[in-house]
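Work through the following exercises with the sequence and the three-dimensional structure side by side. Try each task before reading its solution.

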Amino acid sequence: MSAFVVQGGRRLEGSVQVHGAKNSVLPILAASLLSGGECVIKNCPRLSDVAASVEILRHLGCRVRREEDAVIVDASQPTGWEVPDELMREMRSSVIFLGAILGRMGRAKLCAPGGCELGPRPIDLHLAAIRALGGTVEEEGGSLLCSGALRGGEIVFSLRSVGATENAMLSAVCAQGQTTITNAAREPEIVDLQNFLRCLGADVQGAGSSVITIRGGRPLHGGEFTVMGDRIVAATYLAAAAAAGGDVQVTGADWRHLSTVTAVLAEAGCTVESGLRAIRLRRTGPLRGVRPVRTAPYPGFPTDAQAPLMAAMTVSTGATVFVENIFESRYRHVDELARMGADIRVEGRVAVVYGVPALHGAPVQAADLRGGAALVVAALAARGESVVTGVQHIDRGYQDLAGDLDLLGAQVKRSGEFVKIT
Ligand code: EPZ
């Protein structure tokens, strides 16, 4: 079991670059299955979720190799149409492959993704999109079997879902005719996916707005694409600088993609300068409580930044109310933060953080990806040593959290067995 050993109480200084965005590269890897040629995906982070996606592509008959920061996928002759159960269990967001496999192979089989540490993760909207394009969906023994020649149609989502929007896009690209997706998610990662599909020759318009139109059915060629920077990793590093104090520059992410996060950090007393090339955060005085932080679909406050920001707000004057509107169970980091001296009360979707003057180091356990990152953020601010176990959760979304923080003057060391991620 890997762990991070963190010596807290050190201010952070310097500059760090974020890696490619996990939540962009995962649907892009699925989309590469639609190409009849070779896709060169640059700025592809070394994450365990990326490794799992590569395994799925190889299982489907694609040739995949890594060359430095790029992953190269040759999907000219795919042979498979099933996602093995063990890979589905390893990464529940593998459901994003459903539309691509069905669109390319005419059928798809995968086990229904169960819930995860964030609570139930239904896929009813994904399946509704496939049915709207003429696909059939059968459920047998915990598996989903989809089939059919897809044709363009109208998809109207009852609520905004990032994954369902992505599955709808990948299905529609293979469907003969025009598809309109209404109430689409507007996340920047959706725009990145549109740009990747266009690079392969697809006709996709409107990503970033609530209505996406696609003229599908044409064969797609290969292409070269650079993945956007990870806005949640950037938000995490800024929260770390706010928590520990210091003067940090974060490069590689578009500041507009996390302006709701930087606005809260500025309200909390940090000096934030957002420029085209970097976001700079300085914190010298104490953090102060801010107005309620409500998570919402983009361009609202990102749910993935809730935990790291909460960790920073534990050491502040005053109180801050968080309202988690996206997932049912996204406060599993609260009890662990309390072991470090944080004072947080949770009532359903609401968490009230009463700032304390200081945290103390403690042994804590990560239960999910962003909650685990939050524990590291808190440990940086805490006096003394903390040991954060459950690092396998963090490795899903942070390429080298310990190394990046050490670049900024922190002392974060990985202990235990090393897992090499391709
Ligand atoms: C994506 O998950 C991200 N994952 C999540 O990031 C992110 O938190 C989430 O979007 C919200 O921004 C990836 O992109 C790989 P949703 P996704 O479908 O697509 C409900 C991280 O930490 N819903 O937008 O699964 C659902 O239960 C991860 O990087 C349905 O009811 O999220 C949730 O309450 C965590 N039916 C809400 O919609 C469906 O068919 C939003 O979920 C689908 C979703």
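The exercises below concern a predicted model, and they move from the domains to the ligand and then to single residues.

**Exercise 1. Domains**

Determine into which domains the protein is divided, and how many residues of each are in contact with the other.

Solution. The first step is to set the bounds: domain 1 comprises 3–19 + 229–415, and domain 2 comprises 22–226. The next step is to take the centres over C-alpha atoms, which places domain 1 and domain 2 30 Å from one another. Finally, the contacts across the boundary involve 24 residues of domain 1 and 18 residues of domain 2.

**Exercise 2. The ligand and its shell**

Describe the shell around the ligand by its nearest residues, its secondary-structure elements, its domains and its residue classes.

Solution. Begin with the residues themselves: there are 22 around the ligand, and those that come nearest are D124, S161, G163, D304 and I326. Sorted by class, the residues of the shell comprise 9 nonpolar, 6 polar and 7 charged. Turning to the domains, domain 1 and domain 2 each supply at least three residues to this shell.

Next, look for pairs of polar atoms. The side chain of N23 places an N or O atom 3.1 Å from an oxygen atom of the ligand, while a polar side-chain atom of R370 is 2.9 Å from a ligand oxygen atom. In the case of G163, a polar backbone atom lies 2.8 Å from an oxygen atom of the ligand. The ligand taken alone exposes 830 Å², of which the protein buries 85%. Two or more residues of the shell come from each of α1 (22–31), α5 (124–132), α6 (162–174) and α12 (369–381); the largest share, 3 residues, belongs to α5.

**Exercise 3. A residue in helix α7**

Decide whether E189 is buried or exposed, and identify the side chain with which its own side chain makes a polar contact.

Solution. E189 is located in helix α7. Its relative accessible area is 5%, and because a residue under 20% counts as buried, E189 is classed as buried. The side chain of E189 makes a polar contact with the side chain of R231, at 2.7 Å. When neighbours within four places in sequence are left aside, the contacts of E189 are N23, S24, M228 and R231.

**Exercise 4. Two further environments**

Compare the settings of Q17 and G153, stating for each its element or loop, its accessibility and its contacts.

Solution. Take Q17 as the starting point: this residue lies in strand β2 (residues 12–17). Q17 counts as exposed because its relative accessibility is 54%, the threshold for that class being over 50%. Once residues up to four places away in sequence are set aside, Q17 touches T251 and D404.

G153, by contrast, sits in the loop between β9 (143–147) and β10 (154–156), and with a relative accessible area of 14% G153 is buried. Beyond its neighbours within four places in sequence, G153 is in contact with A132, L133, Q178, T179 and T180.

**Exercise 5. Backbone geometry**

Locate E68, N183 and the peptide bond between Y298 and P299, and explain why their backbone geometry deserves notice.

Solution. The general expectation comes first: most residues other than glycine have a negative phi, and most peptide bonds are trans.

E68 has a positive phi of about 55° although it is not a glycine. This residue is in the loop between β4 (63–67) and β5 (70–74), where a relative accessible area of 70% makes E68 exposed.

N183, likewise not a glycine, has a positive phi of about 65°. N183 belongs to the loop between β11 (177–182) and α7 (188–199), and a relative accessibility of 22% puts N183 in the partly exposed class.

The last case concerns a peptide bond: Y298 and P299 are joined by a cis peptide bond, with omega at about 10°. P299 is found in the loop between β19 (293–294) and α10 (306–313).

Technical notes
Residues numbered from 1 in each chain as written. Predicted model: local features only at pLDDT ≥ 70, side-chain atom pairs only at ≥ 80, totals over all residues. Heavy atoms only, no water. Helix = DSSP H or I, 4+ residues; strand = E, 2+ residues; numbered from the N terminus. Buried < 20%, exposed > 50% of the residue type's maximum accessible area, 1.4 Å probe, protein only. Contact = heavy atoms within 4.5 Å. Near = heavy atom within 4 Å. Polar contact = N/O pair within 3.5 Å; in protein donor to acceptor, adjacent residues only side chain to side chain. Areas by Shrake-Rupley, 256 points an atom, 1.4 Å probe, with all protein chains shown as cover. Nonpolar A, V, L, I, M, F, W, Y, C, P; charged D, E, K, R; others polar. Domains from an automatic or database assignment.
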